[in-house]
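User: I would like to learn how to read the features of a protein model, one after another, with the general idea before the particular case. Could you take me through them?

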Amino acid sequence: MENLVEIRGLKVEATTDSGRRLEIIKGVDLDIAPGEIVALIGESGSGKTTIALTLMGYTRTGCRISGGSIHVAGKEMVTLSERQRATIRGRDISYVPQSAAAAFNPTKRIIDQVVEVTHIHKLMPPTEARQKAISLFKALSLPNPEQIGERYPHQVSGGQLQRLAAAMALISDPKLVIFDEPTTALDVTTQIEVLRAFKSVMKKSGIAGVYVSHDLAVVAQIADRILVLRNGEVQEVGSTETILNDAKHPYTRELLSAFEPKPRGDHADLAQEAKPLLEIDALTAGYGPLQDDGLPLVRAVQEASITVQKGRNLGIIGESGCGKSTLARSIAGILPASSGKLTLDGQQLAPSARQRSHEQLRELQIVFQHADTSLNPAKSIEDILGRPLTFYHGMKGRERSARIDQLLDMVHLPKALRSRTPAELSGGQKQRVNFARALAAEPKIILCDEITSALDTVVAAAVIDLLKELQRELSLSYIFISHDLSVVEAICDEIVVMYHGKKVEQITPAISKIPQHPYSQLLFSSVPKLDPTWLDSLERDPELVKAYAHA
Amino acid sequence: MTLSTPLSSKFSYSFSWVGMIGLAIILFWAVIALAAPHIIPYPIGEIVDEDYFGPMSGKLLLGSDYLGRDMLSRLMMGARYTVGISLAAVCIACFTGTALGMAAAVIGGWFDTVLSRFLDALNSIPSKLSGLVVAAAIGSSINVLIVMLAVIYTPGAYRFARALAVNVNTMDYITVARTRGESILYIIFSEILPNIIGPLLADFGIRFVFITLLLSGLSFLGLGVQPPYADWGALVHENISGLPFGAPAVIVPSLAIASLTISVNLLIDNLPTKIRDRSV
């Protein structure tokens with residue numbers, strides 16, 4: 001059969017601000033048969049989105065297609081004029097963006113935006129387009145398919161909006177749909193519904209797809225073939241089965257091994273000396289004006305009681321909005337708790353960081369999710385790491401300089417990075433600096449708020465290994481907050497599951513890995529597995545899903 | 001066309017030629033203002049021409065004014081007042097405005113509310129009008145002019161700095177500094193200021209232009225720099241009757257004002273930008 005897409009020797013180059021040309025796609029070949037779903041997988045910066053966008057003849061500002069050919073449905077996208085490309089975009093090739101929330105116009109009703117494509121390309125009369133949109137809503141198993149289009153984008157949930165974006169892409173009966181990380185921003189429990197909807201619609205309509213993702217487990221569920229990319233070059237191509245079971249290329253194996261569960265090995269000291277380091281007793285925190293009972297209007301965390309033992313790690317997991325970050329912020333004193341007690345190493349902590357002593361602040365450090373915003377872009381790495389040394393330990397001059405070298409060494413960064421600014425570092429390097437700054441204070445406990453979720457799988461696995469190594473050397477304790485169960489399992493001795501601001505369960509993986517609470521069961525079962533049959537064979541109690549998932 | 005000028009081995013900047021032209025004109029006027037007393041061909045008060053509104057000639061390069069005084073000398077001395085007063089006023093306005101703005105953003109709460117409302121009230125008075133009132137009430141010496149112009153332009157600088165600092169203040173690195181126990185002064189000057197200095201400098205330039213124009217406007221109305229001294233606005237004012245004769249005495253100071261304000265704008269629109277791609 002004739003291929004729908006044939007890319008040969010595609011090259012894309014970008015021009016930097018000093019006028020230097022940089023090749024970001026270095027000769028890529030790609031074929032897609034009609035009705036086939038091909039996944040592009042790789043870390044950020046590997047060029048996967050750039051390739052997907054070139055299918056529409058589009059490159060981002062500053063980039064241009066410098067070589068090769070792109071045949072899509074018999075047309076040569078490279079040589080077409082911009083006007084000719086516009087007639088193809090949206091009609092023959094459509095695009096589902098990563099963040100549907102940013103892609104919808106907040107001031108227009110959803111249905112008007114979904115049918116807009118048919119209007120632009122004059123494909124069908126408006127009433128027919130609306131009928132078609134509603135049938136797509138049904139096919140994507142959206143609730144109230146008849147009425148949901150009348151709402152505005154902010155009135156539906158993130159998972160629903162992502163499916164509505166897919167409806168927008170599918171309404172013109174395209175030959176090819178590009179999915180650009182469509183589920184990355186969703187919770188695991190929601191992701192399943194969205195993936196299922198995508199998969200069934202694509203299979204039924206026989207539309208070919210390009211699925212861009214960095215998550216191998218998600219891709220395994222939906223793709224027929226996988227293309228592994230790195231630095232703008234194809235590392236390996238193969239059917240999903242082959243890639244998962246019989247990967248040839250070392251980079252693919254590295255990606256796969258980052259997925260293997262690495263349970264925490266050293267539980268040896270579990271039985272002995274359980275000395276509490278941090279005790280959280282009935283902590284309540286939230287936002288908004290105080291009510292008559294002295295509690296805030298919106299209580300993001302309610303009566304949470306958690307104990308962290310010395311030298312052990314505690315994981316807090318739950319989906320977005322469950323209050324896990326608020327809990328971290330109130331432990332750190334950024335958002336003072338409105339009631340409850342915090343005790344660190346026998347000393348009671350004041351609710352607000354301002355009232356805590358210098359020593360107490362030093363002993364408890366927090367590391368944030370986004371290294372981009374936690375490192376001051378105007379300062380060099382040296383200044384960033386040096387400040388806590390001067391501030392807490394009064395170090396100056398040569399002593400301080402030597403200690404900065406030591407810290408960089410601890411987090412496995414070359415000393416040459418000292419004089420750089422954060423913008424000149426990669427995502428993984430920034431997160432290491434972010435962590436090194438917390439280490440500079442020589443704390444007893446470090447709160448890690450989703451520190452790996454902005455990182456690629458391979459990089460995240462390396463950061464986790466680093467945390468384990470440092471713990472052994474420095475006898476630290478971590479509170480590890482994440483929505484990713486595999487990350488938490490890899491490093492934590494105890495796992496607390498949070499839902500709606502409440503602690504629903506505490507699990508000790510060493511003793512029992514089977515969650516008891518229904519929400520924990522749902523959450524644990526929703527984590528995608530590398531097995532391609534996982535999504536189809538997964539059975540979820542519809543009652544449970546209705547009660548807990550916000551799909 | 002961009003020219004990249006390596007300033008040190010590690011940092012290189014690109015600086016467009018439009019910005020360079022702007023900078024050159026500003027430097028030209030700054031040198032004139034500084035050197036004026038030593039290079040003027042005639043004392044500014046001396047009548048050197050028998051005719052008034054004399055044309056440009058070899059003896060009087062820019063002609064003579066309405067009393068027959070040398071225009072070139074008066075223009076050079078006028079640069080001292082126009083550039084000097086404006087510069088002093090803009091420095092005071094931007095320093096107070098920025099310091100207060102950053103403090104308000106970091107401290108927040110009551111301090112922010114009270115200060116913001118007070119400066120909003122000050123801002124709501126039209127600038128020319130308040131200039132007129134002050135000059136009429138307490139007269140206009142150079143010191144009064146500087147303070148008055150500074151006060152008029154402080155609220156704007158405050159608003160601008162506060163808006164920038166509020167954005168930076170929500171960044172995680174500020175939260176990290178707070179949980180480390182840093183003082184407010186450290187947060188303001190060490191964490192926030194380096195991140196907003198670029199836009200602040202641009203604002204400084206715009207405000208300098210505004211002040212120059214307001215000062216020239218006041219002088220034109222006779223409320224600015226008082227005779228026998230004259231800034232460029234006053235020069236336009238006192239020679240306005242030369243307009244029907246097409247006398248250089250009225251055109252030249254107008255061109256001087258235009259050249260200074262336009263070149264400041266050219267410079268701040270084309271400030272040198274650091275090249276991020278260092279692997280060249």
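Analyst: We shall go through a sheet, a helix pair, a pair of domains and a chain contact, bearing in mind throughout that this is a predicted model.

User: In what order do the four strands of the open sheet in chain A lie, and is the pairing parallel or antiparallel?

Analyst: In general, the strands of a sheet pair through backbone hydrogen bonds, and they do so either parallel or antiparallel. Here the order in chain A is S2-S1-S4-S5, in an open sheet whose pairing is antiparallel.

User: Which strands are the edge strands?

Analyst: They are strand S2 (21-32) and strand S5 (75-76) of chain A, each of which pairs on one side only. For S5(A), the partner is strand S4 (residues 63-72) of chain A, and the two are joined in the antiparallel sense over two bridges; within this part of the sheet, His71(A) stands opposite Glu76(A) of S5(A).

User: Turning to chain B, at what angle do the axes of helices H4 and H7 cross?

Analyst: The axes of helix H4 (residues 127-138) and helix H7 (residues 184-220) of chain B cross at roughly 50° and come within 11 Å. The angle lies outside the roughly parallel range, under 35 degrees, and outside the roughly perpendicular range of 65 to 115, and H4(B) and H7(B) are therefore oblique to each other. As to handedness, the crossing of H4(B) past H7(B) is right-handed.

User: Which residues meet where H4(B) and H7(B) touch?

Analyst: From H4(B) come Ser127(B), Lys128(B), Gly131(B) and Ala135(B), which meet Leu214(B), Gly217(B) and Leu218(B) of H7(B). Sorted by class, this contact has three nonpolar, three polar and one charged residues.

User: How is chain A divided into domains?

Analyst: Domain 1 of chain A takes in 5-106 + 173-257, while domain 2 covers 272-513. Their C-alpha centres lie 36 Å apart, and the contact between them draws seven residues from domain 1 and eight residues from domain 2. On the side of domain 1 that touches domain 2, one residue is nonpolar, three are polar and three are charged.

User: How many residues does each chain give to the contact between chain A and chain B?

Analyst: The size of an interface is often given as the accessible area lost when the parts come together, but one can also describe it by residues. In this case chain A contributes 23 residues and chain B 17 residues. The elements of chain A that give two or more residues to its side are helix H13 (358-363), helix H14 (371-374) and helix H15 (381-393), and by class that side has 12 nonpolar, eight polar and three charged residues.

Conventions:
Residues numbered from 1 in each chain as written. Chains lettered and ligands numbered in written order. Predicted model: local features only at pLDDT ≥ 70, side-chain atom pairs only at ≥ 80, totals over all residues. Contact = placed C-beta atoms within 7 Å. Nonpolar A, V, L, I, M, F, W, Y, C, P; charged D, E, K, R; others polar. Domains from an automatic or database assignment. Axes fitted to C-alpha atoms, helices over the stretch in contact; angles between N-to-C directions. Parallel < 35°, antiparallel > 145°, perpendicular 65-115°, else oblique. Left-handed = near helix turned anticlockwise from the far one by under 90°. Pairing = 2+ DSSP bridges.
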